Amino acid sequence: MRKKVIITGISGQDGSHMADYLIKHTDHMIYGAIRRLSVNNHRNFEHLKEHPRFQLINMDLTDSHSITNAVREIEPDYFINFAAQSFVAGSWDYPIQTWETDSNSVLHMLEAIHMFAPNCRFYNAGSSEEFGDVEYSPQDEDHPLRPQSPYGAAKCAARHLVRVYRESYNLFAIQGWLFNHEGTRRGLDFVTRKISHNVAKIKLAIEAGEPIPSFSLGNLEAMRDWSDAEDMMDGVWKMLNNETPQEFILASGEMHSVREFLETSLNCAGITFKKHGKDDNEEYLTTDGQIIMKINPEFYRPAEVHELLGDSSLAEDELGWVRHHEFEDLVRKMYENDYKLLKG
Ligand code: F7E
């Protein structure tokens, strides 16, 4: 019989890439879980809607009944939870919603699996934000959990729940640590897509001979370990199909600053820039003096994670996980995609 996979967060970057990956590499039936909204947010999975091995199901992570019903009716072989309140900065603005979505809902999923599909393999999206205020670099699977945001804390709580259910009921339940991963389906609030989108807008204005639309950023010195989201899906699937329920880090092993992402994007667009001012007053300008980007301290976070760098050698050695995309390819791909989208 065809195996059944529930993927939550199907309208997001990771859920939709996971569905694409499974359609391509397996013959399993994919159930994409979505919350009913009055606005259409189907763009990332529009191409899958007519596929015979893809079906949309309704689920709201804050409604435990909808989770239980889906698990009881479908009896999935795999349950991949990519739904979350994933915007770290937003987790200070809506900490309770973040906690309910990123921690409580995982408990509902684990309970439903324990009760109605105990052989189901469960993956919950973990994050490098769990390491937060890091003690050493690169971070490996033994690094202590030191979250710096309500988001990071909720992911740590979920990690403990996953372990407790795994050990108490012998479930195949894991939470891998994915470091930052980006791409053309990334939401516009995240810094990489915010940059690629705005640089593309500026490039089009320059080409049209119009005044350029400037934009603002926060901390340019934050360092992140950015991978291509598509590379991560194979690693998640390999974790889920490993002999034992073991948790791995997936990361690029390279660290780049937000500043470097910005400058690489401007270089990809062929926009020559100069810099002016320092710290909160820093600006990036075109050679004819128009503002490209200026710092806005509103984008600083109450507590920043200054640097994250992952060591994924365990996943490479034990799962045979391989990354295919480099930092510059990723920046170029994101810029070119936004340029094409905006040009129409
Ligand atoms: O911020 C700095 C900001 O929002 C990256 C999520 O997928 O990865 C992501 O979390 C850095 C931070 O991602 C702006 O202060 C500067 O240091 O793109 P981000 P994130 O917080 O690293 C982890 C692994 C997850 O699990 C999360 O779900 O960029 N930054 N200026 C800015 N960030 C934003 N968003 N906007 C700015 O204007």
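This report covers one pocket and two nonpolar cores in a predicted model.

**Second largest pocket**

The second largest pocket holds about 300 Å³ of space. Its lining is made of 13 residues, and Tyr-21, Lys-24, His-25, Glu-230 and Asp-231 are the ones nearest the pocket centre. Two helices, helix 1 (13–25) and helix 7 (229–240), each supply at least two residues of this lining. Helix 1 gives the most, with 5 residues. By residue class, the lining of the second largest pocket divides as follows.

| Class | Lining residues |
|---|---|
| Nonpolar | 3 residues |
| Polar | 4 residues |
| Charged | 6 residues |

**Nonpolar cores**

In soluble globular proteins, nonpolar side chains tend to be buried together. The largest nonpolar core here has 32 residues, and Ile-7, Met-18, Leu-22, Ile-80, Phe-82 and Tyr-123 have the most contacts inside it. Two or more residues of this core come from each of strand 1 (4–8), helix 1, strand 2 (29–34), strand 4 (78–81), strand 7 (172–174), helix 7 and helix 9 (313–319). Helix 7 provides the largest share, 6 residues.

Which residues does Ile-7 contact, leaving aside its neighbours within four places in sequence? They are Gly-15, Met-18, Ala-19, Leu-22, Ile-30, Tyr-31, Gly-32, Ala-33, Ile-80 and Phe-82.

A second core, separate from the largest, has 29 residues. Val-199, Ile-212, Ala-222 and Met-334 are among them.

Helix 1 and helix 7 thus appear in both settings: each supplies at least two residues to the pocket lining, and each gives two or more to the largest nonpolar core.

Notes:
Residues are numbered from 1 along each chain as its sequence is written. This is a predicted model: local features need pLDDT of at least 70, side-chain atom pairs count only at pLDDT 80 or more; totals for chains, interfaces and linings use all residues. Side-chain values use heavy atoms; hydrogens and water are left out. On a 1 Å grid over the protein atoms alone, a cavity is a set of points where a 1.4 Å probe fits but cannot get out, and a pocket is an open set with protein on both sides within 12 Å along at least five of seven lines; lining residues have an atom within 4 Å of a point. Grid points are joined across faces, edges and corners, and a volume is the space filled by probe spheres set on the points. Helices (H or I, at least four residues) and strands (E, at least two) are DSSP runs, numbered from the N terminus. Ala, Val, Leu, Ile, Met, Phe, Trp, Tyr, Cys and Pro count as nonpolar, Asp, Glu, Lys and Arg as charged, and the others, Gly among them, as polar. A nonpolar core is a set of buried Ala, Val, Leu, Ile, Met, Phe, Trp, Tyr and Cys residues joined through side-chain atoms within 4.5 Å. Buried means under 20% relative accessible area, exposed over 50%, partly exposed in between (1.4 Å probe, protein chains only). Contact means heavy atoms within 4.5 Å.
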